[in-house]
Amino acid sequence: MTFLVTSKDLEKDEDFLEDDNLEEAGSFNLIEEKADSKIGKENALLIKGNIYSEEGLKSVEDIDEIDEEFLKTLDGSFTAIDIHQDALSIYRDRFGSRPVYFLEKEDEIFISDRIEPLLNFTEPR
C-alpha cells in the first residue's frame, strides 16, 4: 500500500490502523508509506507519481495550494489528495494514468491508490 485515507471516526480496532504510519490531519486518518507527503495537524497533501509544471518537476514541498489555475499548468502522471480540515479533494492527471480507488460505507470513506487495502472494509461474499 502506498496510501490509505479514511474518515477519522473509523474504529481503530483494525490491525493495520494501529500501525506506526498512522497520522491524523483534519477529519481524516492517513496511512502512507511511499507517497510524497506533507502532513500537518489540520492539513495534508499526498502525491503519488510525478508532477511537472513549467518550472520542471514539483515535489510536495514546492506546492502550497492546489487550485484550478495551478492544475491547468500541470503535466505528468499523478494522483494527489489535498486535505484542509474537514474537506478532502482528489486530483489526477489529465489522462487518469495513476489509479485512485474509493469506497463509501455508511458514514465512512476510504481512499487508496491500490484496491487491496479497501478490501479490508468490505463484507465477504
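**Charges, contacts and patches**

Q: Why is Glu55 said to form a salt bridge with Lys58?
A: The closest N and O atoms of Glu55 and Lys58 are 3.5 Å apart, and a salt bridge is a side-chain nitrogen of Lys or Arg within 4 Å of a carboxyl oxygen of Asp or Glu, so the pair meets the definition. The model is a predicted one, in which local features need pLDDT of at least 70 and side-chain atom pairs count only at pLDDT 80 or more, whereas totals for chains, interfaces and linings use all residues. Residues are numbered from 1 along each chain as its sequence is written, and side-chain values use heavy atoms, with hydrogens and water left out.

Q: Why does Glu55 count as exposed or buried?
A: Its relative accessible area is 63%; since buried means under 20%, exposed over 50% and partly exposed in between (1.4 Å probe, protein chains only), Glu55 is therefore exposed.

Q: How many salt bridges does the structure hold, and which side chains meet in them?
A: The structure holds 3 salt bridges: besides Glu55 with Lys58, Lys72 meets Glu69 at 3.5 Å, N to O, and Arg114 meets Glu116 at 3.2 Å, N to O. Lys72 and Glu69 both lie in helix α1, 3 residues apart, which is about one turn of the helix, and both are exposed. Helices (H or I, at least four residues) and strands (E, at least two) are DSSP runs, numbered from the N terminus.

Q: What makes Arg114 and Glu116 partly exposed?
A: Arg114 has a relative accessible area of 34% and Glu116 one of 43%, so both values fall between the limits for buried and exposed.

Q: How do we know that Asp82 has no salt bridge?
A: For Asp82, which lies in strand β7 (residues 75–84) and is buried, the nearest side chain of opposite charge is Lys38, 8.3 Å away, and so the pair does not meet the salt-bridge definition. Here Lys and Arg count as positive and Asp and Glu as negative, while His and the chain ends are not counted.

Q: Why is the side chain of Asp82 said to make a polar contact with that of His84?
A: The contact is 3.3 Å, and a polar contact is a pair of N or O atoms within 3.5 Å (within protein, one must be able to donate a hydrogen and the other to accept it, and residues adjacent in sequence count only if both atoms are side-chain atoms); the value therefore lies within the cut-off.

Q: What makes Tyr101, Ile115 and Leu119 a nonpolar surface patch?
A: Patches are made of residues with over 30% relative accessible area and no salt bridge, like charges being joined within 9 Å and nonpolar side chains (Val, Leu, Ile, Met, Phe, Trp, Tyr) within 5 Å. Tyr101, in strand β9 (residues 101–105), has 33% relative accessibility and so counts as partly exposed, a value that passes the patch limit. The three side chains make a patch of about 270 Å².

Q: Which residues gather in a patch of negative charge on the surface?
A: They are Asp36, Glu61, Asp62, Asp64, Glu65, Asp67 and Glu68. Glu61, in the loop between β6 (56–58) and α1 (68–72), has 54% relative accessibility and so counts as exposed, which is also over the patch limit.

Notes:
Areas by Shrake-Rupley, 256 points an atom, 1.4 Å probe, with all protein chains shown as cover. Charge placed at Lys NZ, Arg CZ, Asp CG, Glu CD.
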